[in-house]
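Please take me through this structure in the viewer, one selection after another, and tell me what is to be found at each stop.

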Amino acid sequence: MPEGDTVWQTASRLHGALAGKVLIRSDLRVPRLATADLTGRTVLEVTSRGKHLLTRVEGGLTLHSHLRMDGSWKVYENGRRWSGGPGHQIRAILGTTDRTAVGYRLPVLELLRTTDEHRAVGHLGPDLLGPDWDPGRALANLLQDPARPLGEALLDQRNLAGIGNVYKSELCFLLGVTPWLPVGDLPAERAAKLPGLAKKLLETNRDRPIRTTTGRRGQDLFVYGRAPRPCLRCHTSVRVADQGDGSRERPTYWCPICQPGPAPATPPPGRSRTN
């Protein structure tokens, strides 16, 4: 699942393959960009902003993309067979003399003036992996709606940019509270350490092929995806229920013993949750 660390890795990979090189192939396969052609332009840099990717090219243009749930960018040496999915799922191709970047299943793809990037990412809060990171501002953003459930507030990219559903569940576990706890009820000492803990998790994982929050080989995550298996700390069955983030319901995992607080009723372990 692409979150801030995954998108940072993607930006780093694309930057290494494209930056400083002239595009000899440009194919943007979305209707609004059907006539756009970046051929002959030099790629200046590829960077991430939260979960957004910004590919800046010569001439003051930026190709903005977002992976959401299923999108991906793959880089291939020229002559190598592409293997990221069927051809009809390709949304973008950017090629140089030695490598080609292929964007699969990209739900967001638009070409902007670089000076207009704020139209795509200006709403974002401080980026956990970016130069604008400001833990005080991030915490203030989270606390501005004290009645909002913590899990929803963490997913709101206007508060801080880069956290997705996996880190939401893992952060709440490490803080020892349920994702349904109102943000304003989070004990002050735990609220104070939240921004630093979130940044540490993403920084630790931005260079890892497999995301981990536990440091244990083969047991990479404390609660996410583990229901109804036992909690790694207390051995109680991990639970799962849906939680909204303002746009969609997402499966949310927690331990009822290690994370006391408000939570929805859930089916007994081993039975599917209702959607």
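The tour below goes through a predicted model, beginning with its nonpolar cores and then turning to a helix and to a histidine.

**The largest nonpolar core.** Begin by selecting Leu150, Leu154, Ile163 and Phe173, which, of the 39 residues in the largest nonpolar core, touch the most other members. Then colour helix 3 (135–143), helix 4 (150–155), helix 5 (165–175) and helix 6 (188–205), the elements that give two or more residues to this core. Helix 5 supplies the largest share, seven residues.

**Leu154.** Keep Leu154 selected and display its surroundings: leaving aside neighbours within four places in sequence, Leu154 is in contact with Leu142, Leu160, Ile163, Lys168, Leu171, Cys172 and Leu194. Apart from the core just visited lies another, of 25 residues, and its members include Ala11, Leu53, Trp73 and Leu109. In soluble globular proteins, nonpolar side chains tend to be buried together.

**Helix 6.** Next, select helix 6 as a whole; it has 18 residues and reaches 27 Å from its first C-alpha to its last, close to the 26 Å expected at 1.5 Å a residue. Looking along helix 6, stop at Leu194, where there is a kink of about 40°, shortly before the proline Pro195. Both Leu194 and Pro195 are among the buried residues of this helix, together with Ala191, Leu197, Ala198, Lys199, Leu201, Leu202 and Asn205. If you now show the packing partners of these buried residues, you will find helix 1 (4–18), helix 3, helix 4 and helix 5.

**Lys200.** Still in helix 6, move to Lys200. Is Lys200 buried or exposed? Its relative accessible area is 55%, and because the cut-off for exposed is over 50%, Lys200 counts as exposed. From here, draw a distance to Gly122, which is 78 residues away along the chain: the C-alpha atoms of Lys200 and Gly122 are separated by 24 Å.

**His52.** For the last stop, select His52, which is found in strand 3 (residues 52–57). His52 has a relative accessibility of 10%, and since buried means under 20%, this residue counts as buried. Which residue's side chain makes a polar contact with the side chain of His52? The partner is His64, at 2.8 Å. To complete the view, show the residues that His52 touches, not counting those up to four places away in sequence: Val7, Thr47, His64, Ser65, His66, Ala120, Val121, His123 and Leu124.

Technical notes: Residues are numbered from 1 along each chain as its sequence is written. This is a predicted model: local features need pLDDT of at least 70, side-chain atom pairs count only at pLDDT 80 or more; totals for chains, interfaces and linings use all residues. Side-chain values use heavy atoms; hydrogens and water are left out. A nonpolar core is a set of buried Ala, Val, Leu, Ile, Met, Phe, Trp, Tyr and Cys residues joined through side-chain atoms within 4.5 Å. Buried means under 20% relative accessible area, exposed over 50%, partly exposed in between (1.4 Å probe, protein chains only). Helices (H or I, at least four residues) and strands (E, at least two) are DSSP runs, numbered from the N terminus. Contact means heavy atoms within 4.5 Å. A polar contact is a pair of N or O atoms within 3.5 Å; within protein, one must be able to donate a hydrogen and the other to accept it, and residues adjacent in sequence count only if both atoms are side-chain atoms. The expected span of a helix is 1.5 Å times one less than its number of residues. The bend at a residue is the angle between axes fitted to the seven residues ending there and the seven starting there.
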